[in-house]
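The exercises below ask you to read a structure step by step, from single residues to the whole chain. Try each task before you turn to its solution.

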Amino acid sequence: MPKMKTHRGAAKRFALTKSGKVKRSKAFKRHILTKKSRKTKRNLRKIAYLYKTDAKNIKRLIPYA
């Protein structure tokens, strides 16, 4: 049986932790930052984790991560 291919779009956006959780970055941090408060921008820097139901689908796309 051949090796599975990694979904490159998903590999660039998600990463797995040692415990098996799926990390993701937060949205709304790219542009139009002048109207966002300092607190909002600071909180957007933090890493977020996917819910279990979504993580199951993403793990299937990144089998060797």
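**Exercise 1: A tyrosine in a strand**

With 44% relative accessibility, Y49 counts as partly exposed, where buried means under 20% relative accessible area, exposed means over 50%, and partly exposed lies in between (1.4 Å probe, protein chains only). The model is a predicted one, in which local features need pLDDT of at least 70 and side-chain atom pairs count only at pLDDT 80 or more, while totals for chains, interfaces and linings use all residues. Residues are numbered from 1 along each chain as its sequence is written, and side-chain values use heavy atoms, with hydrogens and water left out.

Task: In which strand is Y49 found, and with which residues is Y49 in contact, leaving aside neighbours within four places in sequence?

Solution.
Step 1. Y49 belongs to strand β3; helices (H or I, at least four residues) and strands (E, at least two) are DSSP runs, numbered from the N terminus.
Step 2. Once neighbours within four places in sequence are set aside, Y49 is in contact with T17, K21, V22, K23 and R24, contact meaning heavy atoms within 4.5 Å.
Step 3. For T17 there is also a distance to read: its C-alpha atom is separated from that of Y49 by 9.7 Å, although the two residues are 32 residues apart along the chain.

**Exercise 2: The sheet**

Task: Work out in what order the strands of the sheet lie, and which residue of β3 is the bridge partner of K23.

Solution.
Step 1. The open sheet is formed by three strands in the order β1-β2-β3, and their pairing is antiparallel; two strands pair if DSSP finds at least two bridges between them.
Step 2. The edges are held by β1 (14-16) and β3 (48-49), each of which has a single partner strand, so one side of each is left without a neighbour in the sheet.
Step 3. Strand β2 (residues 22-24) is joined to β3 by two bridges, and these two strands run antiparallel.
Step 4. The bridge partner of K23 in β3 is Y49.

**Exercise 3: The loop between β2 and α2**

Task: Locate K36, F28 and I32, and say of each whether it is buried, partly exposed or exposed.

Solution.
Step 1. K36 is placed in the loop between β2 and α2 (38-44), and F28 and I32 lie in the loop between β2 and α2 as well.
Step 2. K36 has 22% relative accessibility and counts as partly exposed, I32 counts as partly exposed at 47%, and F28, at 67%, counts as exposed.
Step 3. Not counting residues up to four places away in sequence, K36 touches F28, H31 and K41. A polar atom of the K36 side chain lies 3.5 Å from the backbone oxygen of H31.
Step 4. Now look at the backbone angles: phi of F28 is near 70°, a positive value in a residue other than glycine, and I32, which is not a glycine either, has a positive phi of about 55°.

**Exercise 4: The core and helix α3**

Task: Find which residues make up the largest nonpolar core, and then describe the surroundings of L61.

Solution.
Step 1. The largest nonpolar core has seven residues in all, namely A10, F14, V22, L50, A55, I58 and I62; such a core is a set of buried Ala, Val, Leu, Ile, Met, Phe, Trp, Tyr and Cys residues joined through side-chain atoms within 4.5 Å.
Step 2. A55 touches V22 and L50, not counting residues up to four places away in sequence.
Step 3. As background, nonpolar side chains tend to be buried together in soluble globular proteins.
Step 4. L61, which lies in helix α3 (residues 52-61), is partly exposed, with a relative accessible area of 32%.
Step 5. Not counting residues up to four places away in sequence, L61 touches K5, T6, H7 and A10.

**Exercise 5: The whole chain**

Task: What pattern does the protein chain follow along the sequence, and what share of its residues is buried?

Solution.
Step 1. The protein chain holds three helices and three strands, and read along the sequence the pattern is α-β-β-α-β-α.
Step 2. The radius of gyration of the protein chain, taken over C-alpha atoms, is 15 Å, well over the 11 Å that the globule rule (2.2 Å times the number of residues to the power 0.38) gives for 65 residues, so the chain is more spread out than a compact globule.
Step 3. Along the principal axes, the C-alpha atoms fill a box of roughly 55 × 20 × 20 Å.
Step 4. Of the 65 residues in the protein chain, 14% are buried.

Key
A polar contact is a pair of N or O atoms within 3.5 Å; within protein, one must be able to donate a hydrogen and the other to accept it, and residues adjacent in sequence count only if both atoms are side-chain atoms.
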